[in-house]
Amino acid sequence: MIVRIVRMHFREDAVAAFEELFDKNKEQIRAQDGCSTLELYQDKDDHCSFYTYSYWENEEALNNYRHSALFSEVWPATKALFDQKPTANSLNKIHSLL
């Protein structure tokens, strides 16, 4: 399983627009083949800082999403709202105790 963590920092005036964009597209993103979980977090001290955690069956599934029409629509719209360069990490999930 691949866990993709993306940290994004938005302009103060763009936070609401990002939240609307995410809300509009979250179900479609989660419905992508190979995606089992999609989570959005907001930093408790910096309301302009958000993180997405998405869980993918494998790297192929993640790459298929990254090359999809949905991604090519959502990512440019998201990037336009940033005030800092985003960071992204893909991790192999080793253990999870729930």
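A residue counts as buried when its relative accessible area is under 20%, as exposed when that area is over 50%, and as partly exposed in between. The exercises below apply this to a predicted model.

**Exercise 1. Decide whether T78 is buried or exposed, and state which residues it touches.**

Step 1. Begin with the position in the fold: T78 belongs to helix α3, which covers residues 69-79.

Step 2. Compare the accessibility with the cut-off: T78 has a relative accessibility of 4%, and therefore it counts as buried, since the limit for that class is under 20%.

Step 3. List the contacts, leaving aside residues up to four places away in sequence: T78 touches M8, F10, F18 and L21.

**Exercise 2. Describe the largest nonpolar core: how many residues does it have, and which elements supply at least two of them?**

Step 1. Collect the members: the core has eleven residues, namely V6, M8, F10, A14, V15, F18, F22, C48, F50, L81 and F82.

Step 2. Assign them to elements: strand β1 (2-9) and helix α1 (15-30) each supply at least two residues of this core, and α1, with three residues, gives the most.

Step 3. Look beyond this set: another core, which lies apart from the largest one, has nine residues, including I2, A61, Y65 and V74.

Step 4. Take one member of the largest core, F50, and follow its contacts, again without residues up to four places away in sequence: F50 touches V6, R7, M8, F10, V15, F18, E19, L40, Y41 and Q42.

**Exercise 3. Find how many salt bridges the whole structure holds, and classify the accessibility of the partners.**

Step 1. Count them: a search of the whole structure gives three salt bridges.

Step 2. Treat the pair R11 and D13, whose side chains meet with an N to O distance of 3.1 Å. R11 has a relative accessible area of 30% and so is partly exposed, whereas D13, at 62%, counts as exposed.

Step 3. Turn to D23 and K26, where the closest N and O atoms are 2.6 Å apart. Both residues lie in helix α1, three residues apart, which is about one turn of the helix. D23 counts as partly exposed because its relative accessibility is 45%, and K26, at 29%, is likewise partly exposed.

Step 4. Finish with D45 and K44, whose closest N and O atoms are 3.3 Å apart. D45 is exposed, with a relative accessible area of 65%, and K44 is exposed at 75%, both values being over the 50% cut-off.

Conventions
Residues numbered from 1 in each chain as written. Predicted model: local features only at pLDDT ≥ 70, side-chain atom pairs only at ≥ 80, totals over all residues. Heavy atoms only, no water. Core = buried A, V, L, I, M, F, W, Y, C linked by side-chain atoms within 4.5 Å. Buried < 20%, exposed > 50% of the residue type's maximum accessible area, 1.4 Å probe, protein only. Helix = DSSP H or I, 4+ residues; strand = E, 2+ residues; numbered from the N terminus. Contact = heavy atoms within 4.5 Å. Salt bridge = Lys/Arg side-chain N within 4 Å of Asp/Glu carboxyl O.
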